[in-house]
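Colleague: I would like a close look at a single part of this model, and I would be glad if you could then place that part within the chain as a whole.

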Amino acid sequence: LHSASADPTVTVDVTLTGDTPKGAKMQVALVKGPAVKVRDSGMLSDPRIVAWMSQVAEKARLPYQLEVLEGGTTDARAIQTSRAGVPAGCLSIPCRYVHSPSEMVDFRDVQNGVRLLVEMLSQPLDWD
């Protein structure tokens with residue numbers, strides 16, 4: 001990726017799921033793959049990064065889901081607004097019961113998140 005202001009950044013975080021009766025009202029669920037953040041309450045991911053991450057996942061035949069989180073944010077927000085602005089995105093691992101003693105992820109989502117990161121880092125990027 002190439003940017004006039006700064007090198008792009010992808011953070012890794014967990015995100016809420018909407019796959020339990022009392023869960024958040026959102027489409028992200030366990031076992032559907034890692035989530036590519038589109039936006040949350042603090043940031044809007046650079047659409048070029050969202051497209052790149054999605055294309056890499058599809059090319060590698062890795063499951064993924066798009067994330068729109070109504071509450072909360074991620075460290076990508078602070079990165080995105082630093083200096084003159086940094087293109088930023090986030091790869092999220094779906095997690096039930098976030099910020100509790102009993103957080104729960106599906107190991108396959110974690111594995112596919114790692115696979116996606118490896119694919120993203122293993123090929124040259126053409127931002128233009």
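Modeller: This is a predicted model, and the part I would pick out is its cysteines, for which the count comes to zero disulfides. C90 is in no disulfide, since the nearest cysteine sulfur, that of C95, is 13 Å away. Seen from the other side, the sulfur of C95 has its closest cysteine sulfur in C90, at 13 Å, which is too far for a bond, because a disulfide calls for a pair of cysteine sulfur atoms within 2.5 Å. As for their surroundings, C90 has a relative accessibility of 1% and therefore counts as buried, and C95 is buried too, with a relative accessible area of 1%.

Turning to the whole chain, 41% of its 128 residues count as buried. Its secondary structure comes to three helices and four strands, and from the N terminus on these elements run β-β-α-β-α-β-α. The radius of gyration is 14 Å, close to the 14 Å that the globule rule gives for 128 residues, so the chain is as compact as a globular protein of that length. Along its principal axes, the C-alpha trace spans about 45 × 30 × 20 Å. Among contacts between residues at least 6 apart in sequence, 77% join residues at least 24 apart.

On the outside, the chain exposes about 7300 Å², of which carbon and sulfur atoms supply 55%. The chain also carries 13 positive and 15 negative side chains, and the centres of these two sets lie 5 Å apart.

Key:
Residues numbered from 1 in each chain as written. Predicted model: local features only at pLDDT ≥ 70, side-chain atom pairs only at ≥ 80, totals over all residues. Heavy atoms only, no water. Helix = DSSP H or I, 4+ residues; strand = E, 2+ residues; numbered from the N terminus. Rg over C-alpha atoms; globule rule 2.2 N^0.38 Å. Buried < 20%, exposed > 50% of the residue type's maximum accessible area, 1.4 Å probe, protein only. Contact = heavy atoms within 4.5 Å. Areas by Shrake-Rupley, 256 points an atom, 1.4 Å probe, with all protein chains shown as cover. Lys, Arg positive; Asp, Glu negative; His and termini not counted. Charge placed at Lys NZ, Arg CZ, Asp CG, Glu CD.
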